[in-house]
Amino acid sequence: MTNGHPPAVAFDRVSKSFGAKQILSDVSWSIPEGEAACILGRSGTGKSVTLKLIIALLKPDQGSIRIDQDEVSHLEGPRLSTVRRKIGYLFQDAALFDSLTVYENLALPLMRLTQKSRGEIDDLVDRVLGQVGLAGDKAKMPSELSGGMRKRAGLARALVLEPKILLADEPSSGLDRITASEIDELLLRQKAEHKTTLIVVTHDVHGARRVADRVLVLDRGRLIAQGTVAEVEHSENEVARKLMGSNQ
Amino acid sequence: MTNVFELAGKVSLFGLRAAVDSFRRPFEGEQIVSQLAEIGSKSLPLVIACGFALGAVMTLHTRSTLVMFGAASIIPAVQALAFFLEIGPLVTGLLVAGRVGSGIGAVLADMRATEQIDGIESLSIDSFKFLVVPRIVACTLALPLLTLFMDFSGLAGGFLSEFAASRLSLQLYISQAFSTFQWANFWPPTLKTCVFGFVIGTISSFFGYTTNEGAQGVGKAATSSVVASSLMIILLDVLLIKLIFFIFPEGAL
């Protein structure tokens, strides 16, 4: 806790393995409300698994994960849904429902989870799509969108329920630097305007420097460094220093 | 062998969960209607074409033998009984297992591979209830209706074949076809296809929804769905016929 706020997300000695392969080993960290954390690390070090553990798409083998004081590791059914309502998730490939239009992708959770009228849903969808620059594309199918547009549509869907916590899995992967910067801008604006807690998995150190209040570095399932960008740059751990020094 | 029993147990639990969830709110009416259109309407041309061709061919095959024994007049009745009792339900089940089963398996497996199912879960939506239950309910409702289309198109094909050979009138063909027909020949075989539909929906949804092999799993799920559904339909057909004869002994000819 650095800004006096309670942690929005807290990992306490979390371990996770798939079969014989240990993905996360005894990992502990927390992020205060309204801050942005970027998780860096080489491929296959458990970054995406960390996000899936937060939203309870995966369960840890050991340890506890708290979202706003709620222990999510053992939650099921309606109580888990209540916690998930606080979280928005931008998947690496956006994971838009390919049988629905962009509008329907955003309207679906609103129709099922809120009491809003059709008119209110239309207004909200239009507003969020406008924020991500897709106001004119709501009738398109996901297959008609470019990579950057898909990411922005995925981001809009993640934001449409006005989450307190936004998880983003490699939001800039496969995008050119300009489009990646636009996505970073959207994330920063969301944080500034709505005090949303951001947890971003990325390989883009340039983006991490812009977005992150703190950086977590994972390597071989262990948290090898955490702190501000400057602190991690001067970390004693060589892998962490090298990661922060790459693609600046 | 243990694996087969383990798989059968998992599929049974999957089907049981779907059956229970289908009576739990929200009832997913919109999704069920959309799946009925996908499964029912889009299978209709195939079912009708197949029924018509089978009906015509069956009459061609049986006619020569029955004429030899001076029993040409029972051709319509044979045709009707064969279609309503067995050919209609079984062939419709196998056709739907091929067309719809593979589709359900592939679509759900693709949604799993592309994280769409995780996406639904992350939005606090129960993906099982949203994706699986409507498909199983739609299969269960669509099969009896498709079977009726198969039965009547089989009779239509049979009539045309018979008309070409003997100029038998439509009125006479229909009256002869249903002269020995009882309700016990109609309801139980038609309604048993609800079980076929449930089995097709459950097995194909299971293979698609539970896959974790990425893109490779899509093809595997489609193939496994068709093979397992078809096999189960054939096995269940035998069991259900015995059960129908037990409950409706007048239907046992």
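Which residue of S7(A) does Leu90(A) stand opposite? In this predicted model, Leu90(A) faces Ala168(A), a pairing that belongs to the contact between strand S6 of chain A, residues 87-90, and S7(A), which are joined in the parallel sense over four bridges. Strand S7(A) is also paired with strand S8 of chain A, residues 197-201, the two running parallel and being linked by five bridges. Within this second pairing, Ile165(A) has Thr197(A) of S8(A) as its bridge partner. The connection from S7(A) to S8(A) involves helix H6 of chain A, residues 177-194, and the three elements together form a right-handed β-α-β unit.

The surroundings of S7(A) were examined residue by residue. With a residue taken as buried when 20 or more other C-beta atoms lie within 10 Å of its own, five of the five residues of this strand, which spans residues 165-169 of chain A, are buried, and the strand is therefore largely enclosed by the rest of the structure. Ile165(A), Leu167(A) and Asp169(A) point one way from the strand, whereas Leu166(A) and Ala168(A) point the other way, and the residues of both sets are buried.

A further sheet of chain A is open and consists of four strands in the order S2-S1-S4-S5, with antiparallel pairing. Strand S2 (21-32) and strand S5 (70-71) of chain A occupy the edges, where each has a single partner strand, so that one side of each is left without a neighbour in the sheet. At one of these edges, S5(A) is paired with strand S4 of chain A, residues 62-67, in the antiparallel sense over two bridges, and Asp70(A) in S5(A) is the bridge partner of Ile67(A). Helix H1 of chain A, residues 47-54, packs on this sheet and touches strand S1 (7-18), S2 and S4 of chain A, its direction making about 120 degrees with that of S1(A).

Taken as a whole, chain A contains nine helices and 10 strands. Its radius of gyration is 18 Å, close to the 18 Å given by the globule rule for 248 residues, and chain A is therefore as compact as a globular protein of that length. Along the principal axes, the C-alpha atoms of chain A fill a box of roughly 55 × 40 × 40 Å. Of the 248 residues of chain A, 44% count as buried, and among the contacts in chain A with a separation of 6 or more, 65% are accounted for by residues 24 or more positions apart.

The contact between the chains takes 13 residues from chain A and 10 residues from chain B. On the side of chain B that touches chain A, the residues comprise two nonpolar, five polar and three charged.

Terms used
Residues are numbered from 1 along each chain as its sequence is written. Chains are lettered from A and ligands numbered from 1 in the order in which they are written. This is a predicted model: local features need pLDDT of at least 70, side-chain atom pairs count only at pLDDT 80 or more; totals for chains, interfaces and linings use all residues. A residue is buried if 20 or more other C-beta atoms lie within 10 Å of its own, exposed if 12 or fewer, and partly exposed in between; C-beta atoms are placed from the backbone. Two strands pair if DSSP finds at least two bridges between them. A crossover is right-handed if, with the strands pointing away from the viewer, the path from the first strand over the helix to the second runs clockwise. Two residues are in contact if their C-beta atoms, placed from the backbone, lie within 7 Å. Ala, Val, Leu, Ile, Met, Phe, Trp, Tyr, Cys and Pro count as nonpolar, Asp, Glu, Lys and Arg as charged, and the others, Gly among them, as polar. Axes are lines fitted to C-alpha atoms, for helices over the stretch in contact, and angles run from 0 to 180 degrees between N-to-C directions. The radius of gyration is taken over C-alpha atoms; the globule rule is 2.2 Å times the number of residues to the power 0.38.
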